[in-house]
Structures are given as C-alpha cells and as structure tokens.
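These are my notes from a session of looking things up in one model. I took the ligand first, then the annotated sites, then some backbone details.

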Amino acid sequence: MVPLVKVPILGKESIHVGYNISGNIISTIINHCKSSTYVIVNDDNILKVPYFQEFSENFESSLPDDARVLKYVVTPGEASKNRHTKEEIEDYLLNEGCTRDTVIIAVGGGVIGDMLGFVASTFMRGVRVVQVPTTLLSMVDSSIGGKTAVDTELGKNFIGAFWQPEFVLVDIKWLESLPKREFINGIAEVIKTACIWNADEFQRLENNANAFLDVVNNQKKIKVENKNTGKIDEISNTNIELILEHTYKLVLESIKVKAEVVSADERESSLRNLLNFGHTIGHAYEAILTPQALHGECVSIGMIKEAELSRYWGILSPTQVVRLTKILSAYGLPISPDEKWFKELTINKETPLDTLLSKMSIDKKNDGSKKKSVILESIGKCYGKSAHVVSDEDLRFILTDEALVYPFTASENKKDLVITPPGSKSISNRALILASLGEGTCRIKNLLHSDDTKHMLKAVEDLKGAKISYEDNGDTVVVQGFGGSLEACEEPLYLGNAGTAARFLTTLAALVNPTSKNDYVVLTGNARMQQRPIGPLVDSLRTNGSEIEYLKNEGCLPLKIDSKTSFKGGRIELAATVSSQYVSSILMCAPYAQEPVTLALMGGKPISQLYVDMTIKMMEKFGIKVTKSETEPFTYLIPKGKYVNPEEYVIESDASSATYPLAFAAMTGITVTVPNIGSESLQGDARFAIDVLKPMGCTVVQTATSTRVTGPAVGSLKPLNHVDMEPMTDAFLTACVVAAIAHDNDPNSENKTVIEGIANQRVKECNRIEAMATQLAKFGVNTKELPDGIEVYGLDNIEDLQLPKSVHSYDDHRVAMSFSLLAGMVNYNAKETSSPVKILERHCTGKTWPGWWDILHTELGAKLDGSVPSSSTTVDSKKSVVIIGMRAAGKTTISKWCASALGYKLIDLDDYFEEIHGNQTVKEFVNQNSWEDFRKEETRIFKDLISKHGNDGYVFSSGGGLVESPEAREALKIFAADDGIVLHLHRDIEETIVFLQSDPTRPAYVEEIRDVWNKREGWYNECSNFEFFAPHCSSETEFQNLRRIFDKYINKIMGNVVLGIPKQRSSFVCLTFEDLFEEVDNLALITAGCDAVEVRIDHLANYEPAFISKQLSILRIATDGLPIIFTIRTKKQGGKFPDEVYESMRHLFTLALKSGIDFIDMELTLPTDVQYHILNRKGHTKIIGSHHDFSGEYSWDDSEWETRYNQALSLDVDIIKFVGSALKFEDNLLLETFRNNHKAKPLIAINMRELGKISRVLNPILTPITSELLPNAAAPGQLTLREINKIYSTLGGFSPLNFYVVGSPIGHSRSPILHNTGYEILGLPHKFDKFETDSIEKVKSELLDGESNLGGLAVTIPLKLEIMKYLNDLTPAASTIGAINTIIPLGNGKFLGDNTDWLGIKNAFASNGVPENVNGAAGLVIGAGGTSRAAIYALHIMGCSKIYLLNRTATKLPSLKASFPENFNIIILNSVSDIEKEAKNIGVAVSCIPADKPIDIDLLGRLERFLSNGIHASFKPTLLEAAYKPAITPIMRLSKDKYKWETIPGSHLLVHQGVAQFERWTGFRAPFDPIFRAVTKD
Ligand SMILES: NC(=O)c1ccc[n+]([C@@H]2O[C@H](COP(=O)([O-])OP(=O)(O)OC[C@H]3O[C@@H](n4cnc5c(N)ncnc54)[C@H](O)[C@@H]3O)[C@@H](O)[C@H]2O)c1
Ligand SMILES: [Zn+2]
C-alpha cells in the first residue's frame, strides 16, 4: 500500500494524495472546513460508482448534528460546463437557503471541478470549495492551481476566475472505475509535466509504460447495483492495484511539479505557462476535433509537433523527439492526427492548416495575435523560463507534409560547416551485438534508433547478457556487457518486423545457457516477420549441433532454440549467396563457440562482401581478429575469445545520408565537413565525395575518418562523363541533382552525366530511376533512362532551372532529400522571390533522417515554409471512375453516360487492349496465348492506366472478368481507398440471363453465367466502393429516366451536387411497404409535395442485398430522384428489424452508402462500432441520428434526452431526430421548450400518439408524414402534409397570400389553375387570380403598394421589361436575360425580380432525357423575342459550347447577341451554305417562334440544315417547343419525322416554368404530376 502524502501549494499543505482514503477525506472536510451546509456535487456517472455511494453515505453519517448535506447531480460531459448549468446550480443553492458559510464538495472530473470552482468563486461573493478529483486528468491538472471556468459557444473556458480550493483530496481509488480512454487521456498531462520539468520521472514513466497499458487494456465492464435506487448500472473496472505504486507515483510527481510551478507564478505571468507545452498546437486540433477527440489526445499530438518545432529550431535533439513519440504511443496516445485509429475515432474530420492557424491565434495565453509555444531543450527541461513567440511560417512548416523550399542564399557566416548525419544503421546494429557480448562498459554514441536496435536492446537485457542505460538524455547508450554470459528467459523474444535483429539474434540465442527454470529461447515476430526467410542460417547452426525447431512455418520465425546444447564451433558451412546478414550473425558469435570457428561460405562470391568486411573490421575494434583462410576461398578463421569493450564507440554516420550536406556544399560553393566518415569507412557511399563530387569540380579532402567538401563557384560544376555507382547505389539520386546543374563551358556540349550500375534502384521504395527522370523533367532537366542507369543532361545555366508546380517524393526519403537540394537552386540568383519549390510528403525523410529538414533550415540556413496540402487546393485533380460488373450489366451505355455527365474521357479497356495489341481482338489474343496470359496482360494494362490517369478525369469501362485477377483486385481496392471511384454496375441476374440468351452475337458463356456470377459477386463487392443497380428498361422513356437518375447519382457521389439540409418547413413521407415494385404507379403521388422519402428497410419483405438494391432503384426512378432516407428501425426502437443482429445490419448500411443514399437514419442506441462504421464511410450521405421513446418513459425535461443530444453531437450527425410520446397535451409544450434550447444542429422533434399531433405541425424541418394513398400510417398520430399545412394555417402559421398573373391579354393564362391546384393538394391557404392590365402604374399602385397580402406576381407581356423600374433587386438570371416574369416580395415594400422561363426550359429538357449538363454539345435558338433570351440563358447554363441563333430576318440578331456576355459563344449564321459548313454537333434546340402560322420557307430551309446536324451521341438531339398550342407544332413534326429528333411540347415548358415559380414563392416542392394533368386537361 502507498502512504498518504501532503503536498504544499501556495504555502499551505492543502493537497492530499493517497489510496482508499475516503475516511481521511471526510474527516478533513468536517474538521477543517466547518460549516452548516455541505453541498456534494457530482455527475451521473459518478453516481453509479459504489465507492461514491459509500462515500456519500459515510459523509452524511459523520456529520455533526448542526450540519446538513445537500446533493446535486449534473449531466456528464463538457456540454454541461456552461453558464446555463452554472445558473441552475446557483438557483438550487439559493432555493435551499445556502449562505456564505456553505462548503461545496466537487466530486468528479475537470468539468465538475472547473464549474463548481467557478460557482464557488462568485456565489455570495465567494464560498469555500473542496476538490475531490476522480479522473486522472483532474487529479494531476485541473484540480490543482485554482483556475476555474465555464465554456461559451465562442470558446472553451472563456468565462472564469482564479479561486483556490480549501483542499484538493486525491484518492487514487477513484481511477478504478474510470473508462480506459479517460484514463489514457489523463496520462498526456502526466507525460507533459515530466517532459518539461522532471527527467527522472520521465524515465520512470518510460520503464513502466508496458505494464500500465497491459493493465488498462484489460479493463472490464462490470454490472453494479445502485444502493439507493436499486437500478443496475454498467461501469468500468480496472485492477488498479496491479499498478498502484506506479500510478500513485505518477500522480504524486505531477502534482508536485504543478504545485511548485503554481506557487511560483499563480496568475500565469511566465513560469506557469510552461505547463502549456503541447497546448498551443494541441488546442488548435482540439478546437476542430472536439468533441470526438479528448483534450489529452490532442495535447499528445501537440507535444510531438511542438517538440518537432523545438528540433526545427535546432534546440532539441532528434533522439529526444523520438523518445517523446515512443512514450506517448506506448501509453496508447495518438502521435499524429493521421493515425488510422485516431482518424476513425474523429470520424475523418479534416484539420486544414488555415483553420489550425486561426484557432491558435485566439489562444488565451497569446499576446494579441502573436502565437507562442513552449520550446523544449531536452526531456525534463524547457528552453527559457517562458513560452516563445513562433512565426506562422515555422508553424506552417511543422504542421504540414508539404515543404516549401525558398532559394538558398549565400551567407557569410555559413561558409564552413560541420554536419554529423545520423548513425549508420548497419554499424549501429553490429555495435550493439558486439558490445553486449563484450566485457566492460561501452558508451555508444550517435546510435541510430530503429526498430532493429530497439528489439536487440530489449533482447540482450531479457537474456541477461548486458545492462543497458542511457546518458546525455538518451543520446548515449551505455552497454555494460557481461562477456557473453547469457541466460534463457521465459517469455518469447518478440522482434516485430525487425529483420536484422532476427538474424543477428538467432546465432546469439544459440549461445544462451539454460537456467533451472528454462532451457530454451523462443524468437518470434509479427505476421510479416513470420514469412521472412531464415532457413540457411538455421540449417548451418543445426549442422553445427544446435537444436532449433520451427514452431510454425518451415524456414521462418518463430524459432525454438534449445539451450542445453551448446554452440560447438569448428568448421561451419554457410550458403552465403542469399544474405550477408547470416554471415555476420555467425561471425560475431563465433568467438564464443567451444572450439575456434572456420566459417566457409559456399556457393561462390558472397552477396554484399562489403558488409562482411564491415563486420570483421568492427570485431577487430572489439578485440577479436578474424583471418582469411589462405587455402580456401571465402573462408574465415575466428579464434576463441571475448570481446573487450572500448570505453566509447562513436557510430559512423550513415554515408548515404552524408551525401546530402556534401552535395549542398558542392552546389552552393561552401565547405561542409562530415567529421566521422573517411577513407577508412566500410560504407560504399563514403566514396561519393571522391568518386563523384571531386571530378565534378569540388575540392575534397578526405582523411581516414573525415570528409570535407568545398564546392566551386555557384553554377560551375562539371558533368561526369561516366560513373559506375554500383558500390554506392543509394547515392545516385544525389548525384543526379548535382548533375542537373553541371555543365561544360562548351555551348555545343550536352552536359551529359552517365550513371550506371544502379539497376537495383528500380526496386527500392519506388522505381527510383523513373522517379528521378520524371521529377527532374519538372525542373526542365532532360534525362534518359538506361536499363541499369540514367543519363542526366545538365543545364547550361542554373537560371534555366524551371519552377516545378510540385515535386513528388514517392514516399521515398532519398527522393525527398535529393530534391530538397535542387529546389533551393531554383531562382538562386534572383534578388527576391515569392515562388518557392513545393516538395510533397516531406515527412518520408523520417525513415533515415527525421532531422534533415531541421539541418537544412538551421545549419545550412535554408528558408522553409509549409503549404496547404494540395489535395484540398487543387481543383484540377479529377478522380477517375472505374466501372466494373458483369457483362450485359450495361457497362458500355452507362460508362458513356458517366463520361458525359462528368465531362470525362472514356476508355473501354477491351477496346484499349485491342488497340495496343495491333488490333488483335481479345479472342484472338486468347487463342494465340491463353486466358491466363490475357488476364495478366489485362491487369498490367489496367494498372498502368490508373497509375497514369487515376487523377485525370477518365472513365474506365472494364471487362467483366477484370476482378478474376487477384492483382487487379488489389489495384482496384487501392484505387478506391485513395478516393477513386470503383463503381459496381449490376442488374438482376435473371434478367441478365434472359437478355444474354436472346442475343445471338454473344458467344457460349450463357450456360455458366450464373456460376460466373456466383464466383464474381463477392469480388465485385469487395473491390467497389460504389454500386449502381440498372434495371431493365422496356421503353425509351424508361431508358431516359434511368439516365437522369444515373446523372444525379454520379454527380452526387462525386460531390458535384451536394444535398443541403432543408432550412424551411419540409417533410418526408414514410413508406412501410413490403415490396415497392407493387406500388410503382402510386409512388409519385404519395410523395407529392415532400422533400424526401423514407424507406423503412425493416418493413421490406426480405433483407437480401439484391432485393434491397432493386427496391432503392425502383424508388429512385419512380420519384425522379427524390432524396431517400434509408431507415432500419429495430424492434427496440419500434420497428421490425431484429435486435442485435448487427452483422447483417452493417451489410445493409454498407449497401446504402455504396448506393449513394442521401440520408441514413442511424439509431443512437446502436453499438458504437456500428455507428463508427457508418460515420467513417459516409461520404456525401447525411446522417440522421435518431432516438425513439415509444413507451413514453421519458418526459422532455428528462436528462435522457440531454444525454442523447450530447451523444448525437459527439457523433457529429447531420440531423438529430427525437421522437417522444405525448401522454398528456402539455408534453408538447415541454417538447417546444426542448426544441428552443437545442439549436446546435438541425433537429426533428415530435411526439407520437394522438395527443402529440400538434408537435408534427410545429416541427419545422423534415416532418415525417403519411399519405392518403398509404394503407396505414407508419407511426401513431402521423398526419398528411395537407393536414399539417391546414392546421398550421388555421393556427396562423401561414397567412393566406394572394398571387396574380399580370399583363394583357391573359384571358387564356393557365397560371391560376396551375398554382391553385398546387395550393389545394398541399393544403396551402393561398389564392391565385388574374389581373388583366397593360399599365405598370396600375400594377404598382394596386398590387405592389396596394395589396397587403401579396404573395407574388407572374408577369407577362407587355410588362416584362417596364415593371423592372419598380423592383429593388434582380436575380442574376433576370438581369442577364433582361426581362422578368416573377416578382417576389422581400418585405418592407421591397421586391425582387426573377425570371423562371429559363428554368422551365432547362427542367423540361432534363425531364425528357437530356442530361443536366450537355457537355459541350451545341445549341440552337429559333426566334428573337423574349423567350429566345431565356432560351439562350438556359442553353448556356446547360453547358452548350456554342449557341446558334436563327430567325426569319437577321436584323434583330446582332443586337440580341451583343446583349449577352462573350463567353456564351453566340453565333449567327446567315446563309444555308454557312450553316452547312460550320454548324456542328447540335444537341438541343428551342423553338421560340409563333406556331399558329406556317413557317417561313426561307427560315425552314435554314432550319433543316441545322436539324440535319443533330448529334446522336450520348443522348438524342432534342427540340423543345415554346409555343403551347397546338400540341404538336409543324416544327416538332418536321424534327421528329424527318430528322429523328426527340421533341418536347410547349406544355412541358409552361408547367415547369410555373412549378419553378411555385417553389420559389411557397418554399414547397410542387406536386408535378397532378399539376401537369390539371393544366393540360383540355
Ligand atoms: N482548471 C484547469 O486548470 C484545467 C486543466 C485541464 C483541464 N481542465 C478542464 O477539465 C475538463 C476535462 O476534465 P476531465 O477529463 O476530467 O473530464 P470530465 O469531467 O468530463 O470527466 C470525463 C468522464 O469521466 C467520467 N468520470 C469521471 N470520474 C469518473 C470515475 N471515477 N469513474 C467513472 N467515470 C468517471 C465523467 O462522468 C466523464 O464522463 C475540461 O473542461 C477542461 O477544460 C481544466
Ligand atoms: Zn491540458
């Protein structure tokens, strides 16, 4: 057990820390805070904890007679920490008669502590408060120091006070019930505190991380009974006693630091702001990611970034950043906002750079707009005694993965630099093994910290072979070796995926001695490691007598190595042509064999001889001399002996890394010395300076152990005719960028540098040869790829270097580092430049040199900045679409539609295949080769295409069998994961079979088609991220409807058309049919006037995916793409879907998301993982978080709703839907109060049952409704839209409005019938009349000024122009068209003029098979009157590339053309021959000439020329008639019969135009079909 300790703060020992000390807490309060009234305040979660119930009971029973205790409970969560709750608490205290002697006891986390501290600070001008923190965060942070506050909408903790508590009583026992995530959350502050102040504690925390996470990960959920209420609750339970010492210590140490700092600087004038380490950046993330991410999680990310900033400034060493990163992740905290689990937890919210920066500038601790950050000097110590001002430039650099490199500048004081790159990996690994086997203490410096070294260090410690400690803050590793004595350990040695460690340790394990408990060692690793080969090494050890067993797969880890047999030695043979690491492994352990070893390498020259030499040379440094056999080739003699550890061993820097600073010297003409790599080095890349830089014109001085390069004057490097870089392949990238600016002084020279011997570089992190060629080209540098090399043609002058748009790093550290050098040479001589070079994915240098950018910045003096990630800024990236699916699913047609709707280019993969195979057909190819070859080739072509054109706006229509190849499936999945669209197109399989059977041109195949489908269905599903069901179309109209639906679909899933959430009164009808197929004909009417339609999946006849897809498709087509709400209502929530069958539910939701459903209803009671499954894949789908209280258990003021509301906010749903039950009429009033107080998100809130009907009338958006045409309502009390509107009008919600059509003559106007029909159907109280006049003055005085209930005016001839002078504003459409037909009152006697004629034209086309966007087809407008103007505007909006004008006489046309903007591309062609020659690709035409007279002969002749140029491409050329009578006009007849155009009668335009007006005036979606019928009745 741990003692109770008192910690002083501000001169008083008021902090108590202990375990299980509730007795002490009670007595402390009662004895030292005497009062007549104690108020215990806590939240609902604490109330559930038995330890609290006991505490509260004991407190009460310990009170003296003259004192009382009051208890107050708050809704848990940050959302409660506001002024409103504070007020409620104050009112409670006042009502209970609390006075100045009251003592508030705040039992809870930071929310309770902060808020009650603040209440105490102002209640009666200040009362006493005692803090009893129950979360780790509140124990170590929020309860200490007296800062109190509440949040406001505008920011956290904005209103508060300093108010010191009487006591802070910290009882570790509370942590027992703290949920895991909260526990880990608190650790962030603990690590922060140690990090800024206490290095020893930091190290202790490092050592105990694993034990801690083990215990916390094993947390359980337990059920407990509430003593007072008898209710059963579920709470978390951690076996805290297992880590009691550690937890107690970490709490205590943190508290001590905070108390010390606060005592020195209570009001945060300087020192105290050190506690904000990690908070400047952390808060910015928190502001965006809250409430999904917790404070500590964001601070964890903030600490890493701020530590990186400290390193960037050259203050903190890279190893310290690594330590910090490691410890945070070891305690389960996120270290980057991009970590997968963290991204999912925060529902993939973006954290844009600009937002982060703007959030930082309002941080309280900043002076004005300056941003400040705490800078670390080392672990446990800050740089300076306060925070430092940081520039935006530096912050941007730290926060993004895109570096901006400004031109390097020559600086006088940076002419002679010493740079030490990180240690060599190979040398680090070897040094650790040697020192561990050696005798004595060795201080290893410049060690590269990698996975390999980490696992090796742990393994030699576990085997008791050495003692490891650290000095210089971890920069020096101290190995105290025990001379090769090793003991078998119980636990398997886990090596992750560290390959070198596995190989080196295998022989080492053979040296281990048994103990009384263990006589073998197990080496194991992760899944990948368990596939990597180790066979040849094991074979030779076995032959030498060691007993080694494969525990799983032959030839791979895990291995069981027996310790009873010893390593014999003598002659050992080893196949060494596979890996030199086997050789090194045996060499290093050989001195400890029982007999001297003769190691014979079989199979010829060993691979990487250099590495073998390196091992031998290093062994010599540790006192063992290996000799080569004089008789046998590739054979080594190793004497028996013990390594003697040198006192210090400095790991040579990595020679590949060293090429960058040396090349920097070469390019900029300064001197750089690398102090620990010289001619003696065994690393091949150490030759780079001598073999490459020197012949290029640098002065190179290389000693045995150092290299010094001085570059020539800038711009005077010389090309290198030929260099074989085989011994230093990794350095060729550096050589390329140097060669890019190397030239002869001969204007005829090609300045060619030829590099060879680097074939292996094609299979590194990327194809590096190709990568260099591609990226160099962006700088204007030409290259030529060779099979095993590259030719670089240097520029004559560095001023010829071009500024690339951005440089790709291919996630390859060497590519990034090389180009960071060339980047600084662009505009080198320019005086000033604002155009830096952007390098993408700069963090990839972390693989070998995380600090490279810091060195470039601080040591080499480069000006760097960060840039906003290009994905969010470049609009020119167009993600391509891949369409997959069975043959006969309609891929060809739909791919065309897709390309046309998006304006993409189309490639049919089969056609493309034939094209690049010299027009050999697929069939011929298969016959000549094999199916297998075809699949291979098809896959190759496909991968090539998407890698080249994945972002270029293509539609790829694939062959049905593409998914047969595993490699193609992999490629599809990667493409989809990278935001590409893989669209699975499918149709009913039975229909497909019928279709294929009826088609004689399709070969055999038909028989097996079902088998093929069964085989592929799963593949299509797993590879696609979207799917579209294409039903069979039996008529042209159905076909065109399908096209329209598809257009909407594809634009929606691409995010081109974003569905808004209605802001006005709106509704959705709820369908509870078993099969929509049977209701097809009614669906349009049922949904009349609604804004969405809900399909209750739980009511459908079955839940088969194929059935559901079909249902959704039927609904979409029947309602013309009305937004769909996809709802699976569980039984618990009043539906039919079985409870707790989450797997099939998850599938259905996936299907909905893939189908691009508009809304998903997500029950808030679903398990969190199902919810996150939906939220993380939601794309453009909007989520409705719903909760139903069917039984009427909760009144609207019950905290249940509050909690659900907060839950919905934290899930960040788009809409919240709460359905309660009205047991009495007043429940509706409570609901309205709730509605009023909850405006953070769009809210649908209603009461079920008869008594609740009024709530449906009062609910503003998306009210669920029923229809007379439905057999029964989906929920008790549901109303129709008409009923709702009528009641709402009766109650005065809608005031009746009067509308008029004005103009003359208007005797035949259809407007009144059109609008009045709509009002009638929707139950609106409005009236529409005619007002015949040709005087605008009359309209002004009698209607605009005189009609107080004016709803709007439809304006027709002759007033369309003149009336404008009485309007206050025009819509863009009205002003471009230059006429108005619609007047909308704006209130206060102001009016807006609009023109809906163009909308009528556009919508009439759209509902008759013309795509929303005609993508460059040309348009034709016949006539030159007012309607023509609207037609021109409409065609322009529809995407016509050119608009031709045609009229009987040409006189009016030029002025018509001139009145529109240039970019409308209006063209007047006068003669028949001109038309014949120039008019091309006409897709749409609008006839705006009177139709009651015969057509002028001359006009007709010209018109026919146009019509004959109709383009029959992805849609039929279509003519819209503007004249309403007769129903079929001569022009229509001509177009249709003679030229096979589609035609649309004038009634369509009329109704669409009127409907558009209706919707603008009323805000309701008009019921189109009944209106159309009414208007066209006679
Ligand atoms: N005043 C300061 O100096 C300071 C410093 C840091 C943070 N804060 C504030 O602290 C607040 C965050 O504090 P927090 O992280 O403690 O959050 P919190 O108070 O919301 O508690 C976290 C969750 O754990 C539950 N809980 C608390 N103790 C429990 C226990 N023993 N067993 C089971 N469940 C328990 C709570 O009900 C809550 O759901 C923020 O508002 C922050 O602004 C203040
Ligand atoms: Zn904090």
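How far is a polar side-chain atom of Asp43 from an oxygen atom of ligand 1? I read 2.6 Å for that pair. I keep in mind throughout that this is a predicted model.

**Ligand 1**

I then looked up Glu78, where a polar side-chain atom lies 2.7 Å from an oxygen atom of ligand 1. Val111 uses its backbone instead: an N or O atom of its main chain is 3.1 Å from an oxygen atom of the ligand. On its own ligand 1 has 860 Å² of accessible area, and the protein covers 89% of that. Helix 2 (44-47), helix 5 (110-122), helix 6 (136-142), strand 8 (155-162) and helix 7 are the elements that each give two or more residues to the shell. I count 25 residues around ligand 1, and the closest are Asp43, Glu78, Lys81, Thr134 and Thr135. By class, I note 7 nonpolar, 9 polar and 9 charged residues in this shell.

**The annotated binding site**

Which residues does UniProt list under "binding site"? The unreviewed entry gives Glu189, His279 and His295. They span 107 residues in sequence, but no two of their C-alpha atoms are more than 10.0 Å apart, so I treat them as gathered at one spot.

I took Glu189 next and found it in helix 7, residues 180-197. Its relative accessible area is 1%, under the 20% cut-off, so I log Glu189 as buried. Beyond four places in sequence, Glu189 touches Leu137, Val140, Asp141, His279, His295 and Val299. Both histidines of the UniProt list, His279 and His295, are thus among the contacts of Glu189. His279 lies in helix 10, which runs over residues 279-289. At 5% relative accessibility His279 is also buried.

**A cis bond after helix 10**

I checked the peptide bond between Thr290 and Pro291 and found it cis, with omega about 0°. Pro291 sits in the loop between helix 10 and helix 11 (295-312).

**His813 and Asn827**

Is His813 buried or exposed? I have it as buried, at a relative accessible area of 4%. His813 belongs to helix 26, residues 813-823. With neighbours up to four places away left aside, its contacts are Glu765, Arg768, Cys844, Thr845, Lys847 and Thr848.

Asn827 is in the loop between helix 26 and strand 37 (837-839). I noted its phi, which is positive at about 60° although Asn827 is not a glycine. Asn827 counts as partly exposed, at 29% relative accessibility.

**Phe634**

Phe634 is another non-glycine residue with a positive phi, near 50°. I placed Phe634 in the loop between strand 27 (627-628) and strand 28 (635-638). Its relative accessible area is 32%, so I enter Phe634 as partly exposed.

**Asp1158 and Gln1133**

What does the side chain of Asp1158 reach with a polar atom? I found the backbone nitrogen of Ile1124 at 2.8 Å. Asp1158 lies in the loop between helix 39 (1142-1154) and strand 47 (1159-1163), and at 5% relative accessibility it is buried. Outside the four-place window, Asp1158 touches Lys1052, Leu1059, Leu1122, Pro1123, Ile1124, Thr1181 and Lys1182. I also recorded a C-alpha separation of 9.6 Å between Asp1158 and Ile1053, which are 105 residues apart along the chain.

Gln1133 is in the loop between strand 46 (1124-1127) and helix 39. I have Gln1133 as buried, at 4% relative accessibility. Its side chain reaches the backbone nitrogen of His1188 at 2.8 Å. His1188 is one of the contacts I listed for Gln1133, along with Glu1163, Thr1165, Ser1186, His1187 and Phe1190.

**Later in the chain**

Ser1304 and Pro1305 are joined by a cis peptide bond, with omega near 0°. I located Pro1305 in the loop between strand 52 (1298-1303) and helix 45 (1311-1322).

Last, I looked up residues 1413-1495, where the unreviewed UniProt entry places "domain: Quinate/shikimate 5-dehydrogenase/glutamyl-tRNA reductase". In the model this stretch is 30% helix and 22% strand, and its end C-alpha atoms are 31 Å apart.

Methods: Residues numbered from 1 in each chain as written. Chains lettered and ligands numbered in written order. Predicted model: local features only at pLDDT ≥ 70, side-chain atom pairs only at ≥ 80, totals over all residues. Heavy atoms only, no water. UniProt positions renumbered as here; feature names shortened; annotations may be inferred. Helix = DSSP H or I, 4+ residues; strand = E, 2+ residues; numbered from the N terminus. Buried < 20%, exposed > 50% of the residue type's maximum accessible area, 1.4 Å probe, protein only. Contact = heavy atoms within 4.5 Å. Near = heavy atom within 4 Å. Polar contact = N/O pair within 3.5 Å; in protein donor to acceptor, adjacent residues only side chain to side chain. Areas by Shrake-Rupley, 256 points an atom, 1.4 Å probe, with all protein chains shown as cover. Nonpolar A, V, L, I, M, F, W, Y, C, P; charged D, E, K, R; others polar.
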